[in-house]
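Got your viewer ready? Load the model, switch to a cartoon view, and keep the selection box handy.

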Amino acid sequence: MTGKKANGSCNVAKNTSNDSDNENRNVYYAMEKPTYAYDDIKAIADYLMERTPVRPKIGIICGSGLNSLADSITNTQSFDYENIPNFPVSTVEGHVGRMIFGYLENMPVMAMQGRFHYYEGYPLAKCSMPVRVMKLMGVQYLMATNAAGGLNPKYKVGDIMIMRDHINMMGFAGNSPLQGPNDPRFGPRFPPMTNAYNAHLISVAHKMAKEMGISHEVHEGVYTCLGGPNYETVAELKMLRILGVDAVGMSTVHEVITARHCDMTVFAFSLITNIGALEYDSSEDEANHEEVVMVGKSRQSICGQLMCRVIKEIAKECQTK
Ligand code: HPA
C-alpha cells in the first residue's frame, strides 16, 4: 500500500482515466470490489498512529444528524476520510466524513463522523472496515449510534432505543461483513452473537438515563438493518414488527458483527427519527431523509450527553481495574 491520497480501494485495478472533475468519482470507487486484507487495514492504522499520539480505547460511530456527539472530544485531531490512504469516502448528503481523535471524559477515543452504508455501493466488509482499523489501534469498546424508524407502538419521535439485540436481515439473505476467507488475527471463523450488546453497559445507560431524567423516553429493543436506500413499504414494516423488530435502519448491524468478531465490547443506541407506518392510511408522515437529519440534530445534545455519561462510567471502571 502506498501513502498517497485515498482512492477507497485496495488491491484492485486503479482507475487510470483523468476524471478528477467527474462528480461520480466517489460512487465509482464505492462500487469497486474491496479486498481489505489484514495488512491493508494495518497500513491504515499505522498511518493514523504515526500522525496522532492518541491511543484510543473507545471507538465511536456517529449516526445521521448525530455528529455533534464528537463535539465534546477535547485535544482533537481530525483526518478527513479522503486524506486517509485507502479509506472509503462518505457519499451521503448530511454525512461528513472525518475521523476525530482526542479525549472524552479522560478516555482516549476515536470517533467517526460519517459512516459507510451498503446503499452507497460499498460491500458490507468495506462499510465496517473502519471497525478493524479501530481494533488495530487498540480500541476495546465500540459505541455506535444511528437514526432509525420506530416500529414499537410505545416509541415516539425523539426517543432513544438502547440496542439490546439485532436481527441481521441482510445475513438472512447471505450477506455478511465476515464473508470470504477468515483471518484469525481478527477473530474466529464462526463467532457467536448471543451477547453482541454488552448487558452491563446497557444497565449503565439506563442508570444514566434515570439520572438525566429521561427514562420515560429511553427504551431497550431490537434493531434491524435493511440495505436501503429506499424506506420500507407498509407490508415490510408489518413483517418486521411480527418478527420482533422495534426499530429499523440502514447501518450498525455489520459494524457490530465486525466488532464482536474481533472481541470488542459493544454499546449502541438508536435515535427514533420517524415512526414507521404500519397501516396504509396511517397518520404518520412518509419517512424522508430531511426529517431524519433534522430530528437527529434536534436531539443530538441529549444523545451526546447519554453517550458521554456511559463513557464516563467506563473510564471510572477502567481506573479501578
Ligand atoms: N427506515 C430505515 N432507515 C431509517 C429510518 C427508517 O424509517 N429512519 C431513519 N433511518
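What follows is a walk through a predicted model, one selection at a time.

**Stop 1: the whole chain.** Start zoomed out and colour by secondary structure: you should find nine helices and nine strands. The protein has 321 residues, and 55% of them count as buried. If you draw contacts between residues at least 6 apart in sequence, 83% of them join residues at least 24 apart.

**Stop 2: the annotated site.** Now select Ser64, His95, Arg115, Phe116, His117, Ala147 and Ser251, which an unreviewed UniProt entry lists under "binding site". From this set, Ser64, His95, Arg115, His117, Ala147 and Ser251 belong to the lining of the second largest pocket.

Two serines of the set deserve a closer look. Centre on Ser64 and you land in the loop that links strand 1 (58-62) to strand 2 (74-80). Ser64 is buried, because its relative accessibility is 14% and the cut-off is under 20%.

Move on to Ser251, in the loop between strand 8 (247-249) and helix 8 (253-261). Is Ser251 buried or exposed? With 3% relative accessibility, Ser251 is buried. Show what surrounds Ser251, skipping neighbours within four places in sequence, and you get contacts with Arg115, His117, Asn146, Tyr223 and Cys225. Turn on side chains here: those of Ser251 and Arg115 make a polar contact at 3.3 Å.

**Stop 3: the ligand.** Select the ligand and bring up the residues around it: Ala147, Ala148, Gly149, Tyr231, Glu232, Val248, Gly249, Met250, Thr273, Asn274 and Val292. Ala147 is one of these surrounding residues, and you have already met Ala147 in the UniProt set.

Which distances are worth drawing from nitrogen atoms of the ligand? Try these three:

- To Asn274: 2.7 Å, ending on an N or O atom of the side chain.
- To Glu232: 3.0 Å, ending on a polar side-chain atom.
- To Gly149: 3.3 Å, ending on a backbone N or O atom.

**Stop 4: strand 3 and its partners.** Select residues 98-104, which make up strand 3. Five of its seven residues are buried, so strand 3 is largely enclosed by the rest of the structure.

Add the strands it pairs with. Strand 2 runs antiparallel to strand 3, joined to it by five bridges; to check the register, find Asp80 opposite Arg98 in strand 3. With strand 4 (residues 107-113), strand 3 pairs over seven bridges, also in the antiparallel sense. Here Phe101 sits opposite Met110 in strand 4.

Follow the chain from strand 3 into strand 4 and you go round a hairpin with two residues between the strands. Pause in the turn at Glu105, where phi is positive, at about 50°.

**Stop 5: Ile311.** Finish by selecting Ile311, which is part of helix 9 (residues 289-320). What is the relative accessible area of Ile311? The value is 0%, which means that Ile311 counts as buried.

Leaving aside neighbours within four places in sequence, Ile311 is in contact with Ile58, Ile60, Leu104, Glu105, Met107 and Met143. Glu105, from the hairpin turn, is among those contacts of Ile311. For a last distance, join the C-alpha atoms of Ile311 and Met143: they are 8.9 Å apart, while 168 residues separate the two along the chain.

Terms used:
Residues numbered from 1 in each chain as written. Predicted model: local features only at pLDDT ≥ 70, side-chain atom pairs only at ≥ 80, totals over all residues. Heavy atoms only, no water. UniProt positions renumbered as here; feature names shortened; annotations may be inferred. 1 Å grid on protein atoms, 1.4 Å probe; cavity = no way out; pocket = protein on both sides within 12 Å on 5 of 7 lines; lining within 4 Å. Helix = DSSP H or I, 4+ residues; strand = E, 2+ residues; numbered from the N terminus. Buried < 20%, exposed > 50% of the residue type's maximum accessible area, 1.4 Å probe, protein only. Contact = heavy atoms within 4.5 Å. Polar contact = N/O pair within 3.5 Å; in protein donor to acceptor, adjacent residues only side chain to side chain. Pairing = 2+ DSSP bridges. Near = heavy atom within 4 Å.
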